[in-house]
Amino acid sequence: MRNDSTKTAEWEDDGIEVMVADASHEVYVDTILETISDSARKRGSGIATRTHDYLATKMRERKAIIALAGPEREFAGFCYIESWGNKSFVANSGLIVVEKFRKHHLATRIKRTAFTLSRLRWPEAKLFGLTSQAAVMKINTSLGYVPVTFAELTDDEAYWRGCGTPEHPCCQNYDILVRTGRKYCICTGMLYDPADHVGEPLPVELPEEVIKDLENRV
Ligand SMILES: CC(C)(COP(=O)(O)OP(=O)(O)OC[C@H]1O[C@@H](n2cnc3c(N)ncnc32)[C@H](O)[C@@H]1OP(=O)(O)O)[C@@H](O)C(=O)NCCC(=O)NCCS
């Protein structure tokens, strides 16, 4: 069944399916990890290190979005969802689109799907992200996120460890974060507060099978 409900008239049918991942997608995990680290290397940027097990678990828990292209189901894009601060904050992380599929609104479709899944699963949570990418800022803005200071983001130490620790800086800019006492860095913090968007419709419709699955999960 095609469950790419993000397809709308504004995007031609490019044969790319965007869906909530499940255990069957674990076969893509190594490709995803390689694509993320290749891209970070090319950009000369740091990236939070994720293991095979971590991403496979995200898929099994239905906390990941995957995009597959064409009848060969070639890997095209990915992101996953993490909750922080006792589920009061939710972040969509690890966004990646394979180079040849970029600039065709695939990241937009992936983020819209992740946003919808996050809103349905944790309706009270604030959604947030840290990014230095103009494309991601644009997408977040279209979803209702606004730029905020870091003080408004989660204070969950586990989240911030994703940027690094003194022993293992993950991002090349980690020293800036430390120097500013975690107040500022190269990335912009963006926040979606559900209290500011009461009654607004979600950007995509998820398949019934995903909604049913959500009801059985915390
Ligand atoms: C960032 C990334 C996910 C964007 O993927 P994409 O599929 O090309 O993005 P989209 O086509 O959905 O673009 C969304 C918007 O940003 C714009 N955009 C895309 N790439 C851009 C760029 N490099 N600079 C400025 N704007 C850009 C698009 O034109 C679009 O704007 P529009 O809606 O006004 O037309 C992709 O470039 C990527 O995987 N980069 C490497 C990994 C990364 O940086 N991840 C994000 C970590 S926070």
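Two strands pair if DSSP finds at least two bridges between them. Helices (H or I, at least four residues) and strands (E, at least two) are DSSP runs, numbered from the N terminus. The model described here is predicted: local features need pLDDT of at least 70, side-chain atom pairs count only at pLDDT 80 or more, and totals for chains, interfaces and linings use all residues. Residues are numbered from 1 along each chain as its sequence is written.

An open sheet of seven strands shows mixed pairing, in the order 1-2-3-4-5-7-6. Its edge strands are strand 1 and strand 6 (146-148), and each pairs on one side only. On average, neighbouring strands of this sheet are turned by 25 degrees against each other, direction ignored. Axes are lines fitted to C-alpha atoms, for helices over the stretch in contact, and angles run from 0 to 180 degrees between N-to-C directions.

Strand 1 (residues 16-20) pairs with strand 2 (residues 64-69) in the antiparallel sense, over five bridges. Within this pair, Glu-17 has Leu-68 of strand 2 as its bridge partner. Strand 2 and strand 3 (residues 74-84) are also paired in the antiparallel sense, over six bridges. Here Ala-69 is the bridge partner of Glu-74 in strand 3. The hairpin of strand 2 and strand 3 has four residues between the strands, and Gly-70 takes a positive phi near 70 degrees in it. Strand 4 (89-97) and strand 5 (residues 126-131) run parallel, joined by three bridges. Phe-89 has Lys-126 of strand 5 as its bridge partner.

Helices pack on this sheet. Helix 1 (residues 29-43) touches strand 3 and strand 4, and its direction makes about 85 degrees with that of strand 4. Helix 4 (134-143) lies across strand 4, strand 5 and strand 7 (188-192). Helix 4 runs at about 20 degrees to strand 7.

A residue is buried if 20 or more other C-beta atoms lie within 10 Å of its own, exposed if 12 or fewer, and partly exposed in between, with C-beta atoms placed from the backbone. Strand 2 is mostly covered, with five of its six residues buried. The largest nonpolar core (a set of buried Ala, Val, Leu, Ile, Met, Phe, Trp, Tyr and Cys residues joined through C-beta atoms within 7 Å) has 48 residues. Those with the most contacts inside it are Ala-64, Ile-65, Ile-66, Ala-67 and Ile-110. Strand 3 gives the most to this core, with seven residues. Beyond its neighbours within four places in sequence, Ala-67 is in contact (C-beta atoms, placed from the backbone, within 7 Å) with residues including Ile-16, Val-18, Ala-76, Leu-106 and Ile-110.

The ligand has 18 residues around it, counted as near if the C-beta atom, placed from the backbone, lies within 6 Å. Arg-102, Ala-107, Thr-108, Ala-134 and Ala-135 come nearest. Strand 4, helix 3 (106-121) and helix 4 each supply at least two residues of this shell. The largest share, five residues, comes from helix 4. By class, the shell has nine nonpolar, six polar and three charged residues. Ala, Val, Leu, Ile, Met, Phe, Trp, Tyr, Cys and Pro count as nonpolar, Asp, Glu, Lys and Arg as charged, and the others, Gly among them, as polar.

Two loop residues have a positive phi of about 60 degrees although neither is a glycine: Arg-62 and Asn-86. Arg-62 is found between helix 2 (52-60) and strand 2. Arg-62 counts as partly exposed because it has 19 C-beta neighbours inside 10 Å. Asn-86 lies in the loop between strand 3 and strand 4. With 9 other C-beta atoms within 10 Å, Asn-86 is exposed.

Methods. Contact = placed C-beta atoms within 7 Å.
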